[in-house]
Amino acid sequence: MTDPILERELAYHEKLYSGFAQSHFARPAVRALRAHMVRRILALTGAGAKSRVLSLGCGIGDTELLLAPHVGEVVGIDLSPAAIRQARADAAKLGIGNAKFIEGTKAEGRFDAVIAIFFLHHLPDDALAALPGQLKELLTPGGVFYSLDPSRARLSGRVGRLLIPGLMKRYQTPDERELDAETTAELFRGAGFEARVEMYDFASSPLAGLFPGWRSAYAAMRAVDEWILKTPLRVAGSNFEVVARVLP
Ligand SMILES: C[S@@+](CC[C@H](N)C(=O)[O-])C[C@H]1O[C@@H](n2cnc3c(N)ncnc32)[C@H](O)[C@@H]1O
């Protein structure tokens, strides 16, 4: 591999997926967050029992394995061999036969939905700009793209950098950055997609990764988020979604 950004991404994630991610993602609050994400993905993409779903930058596949029972097939692709090994092992352990995990950066095939969970903000600007054009080759007519990424305007980022800068750094690769929601959606519109932005959360996802990690704490914070997201404070939400459909 000769791309220095990909090399740094790989080095960071190989270490992350050598044990820390597995135990961190197993926390009840994070499992509850993943289950909420799956319900949200199903609602916003309309994916169902016959859909083929591609997940870009799938990591250890914990979201994809929760999604698999609801769709026809899930294919996850990730740069990190350690992530793919874990995803395959978990699929086998859970007896999930309709989830396939591939090591790499270039997906092939046709899909009814393509999802990218915490992935776009890891792509360099040129790769991010090129992605919508590439997605047109991966989506079936009427297919939907869904992404979830940290917003540049998030209050949680500013508070985190102030109060827990070390922890923030630990959870971030050297090259990732928060994204501007509308600028990201505009890349899709420029490539011939109809794209809209939604705000996913305010504090529930960031807190799911912190103390105390209880399922009930996540549920309570999620309920507070539902209320905050109806107020003007939503502009300072943590993670935004892009939902994009190729125009006929
Ligand atoms: C923040 S993680 C998100 C993983 C997973 N979607 C999740 O929600 O936990 C970003 C993932 O993208 C992968 N990645 C980074 N750049 C990539 C690329 N160009 N192609 C494929 N995977 C990539 C990393 O290995 C990592 O697993």
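**Exercise 1. Which helix gives the largest share of the shell around the ligand, and how does that shell divide by residue type?**

Solution. Step 1: In this predicted model, helix α1, residues 4-16, contributes 3 residues to the shell, which is the largest share.
Step 2: The shell consists of 19 residues, and the closest include Tyr 17, Arg 34, Gly 57, Asp 78 and Ile 117.
Step 3: Sorted by type, the shell holds 9 nonpolar, 7 polar and 3 charged residues.

**Exercise 2. Find the N or O atoms of Tyr 17, Leu 79 and Ile 117 that lie within 3.5 Å of a ligand N or O atom, and state how much of the ligand is covered**.

Solution. Step 1: For Tyr 17, the protein atom belongs to the side chain, and its distance to a ligand oxygen is 2.7 Å.
Step 2: For Ile 117, a backbone N or O atom is 2.8 Å from a ligand nitrogen.
Step 3: For Leu 79, the backbone again supplies the N or O atom, at 3.2 Å from a nitrogen of the ligand.
Step 4: On its own the ligand has 600 Å² of accessible area, of which the protein covers 91%.

**Exercise 3. Compare the expected and actual span of helix α6, then locate its bend and its buried residues**.

Solution. Step 1: Helix α6 runs over residues 125-138, which is 14 residues.
Step 2: The expected span uses 1.5 Å times one less than the number of residues, so α6 should span 20 Å.
Step 3: The end C-alpha atoms are 20 Å apart, in agreement with that value.
Step 4: A bend of about 40° occurs at Leu 131, with Pro 132 following within four residues.
Step 5: Both Leu 131 and Pro 132 are buried, as are Leu 128, Leu 135 and Leu 138.

Technical notes: Residues numbered from 1 in each chain as written. Predicted model: local features only at pLDDT ≥ 70, side-chain atom pairs only at ≥ 80, totals over all residues. Heavy atoms only, no water. Near = heavy atom within 4 Å. Polar contact = N/O pair within 3.5 Å; in protein donor to acceptor, adjacent residues only side chain to side chain. Areas by Shrake-Rupley, 256 points an atom, 1.4 Å probe, with all protein chains shown as cover. Helix = DSSP H or I, 4+ residues; strand = E, 2+ residues; numbered from the N terminus. Nonpolar A, V, L, I, M, F, W, Y, C, P; charged D, E, K, R; others polar. Bend = angle between axes of the 7 residues up to and from the residue. Buried < 20%, exposed > 50% of the residue type's maximum accessible area, 1.4 Å probe, protein only.
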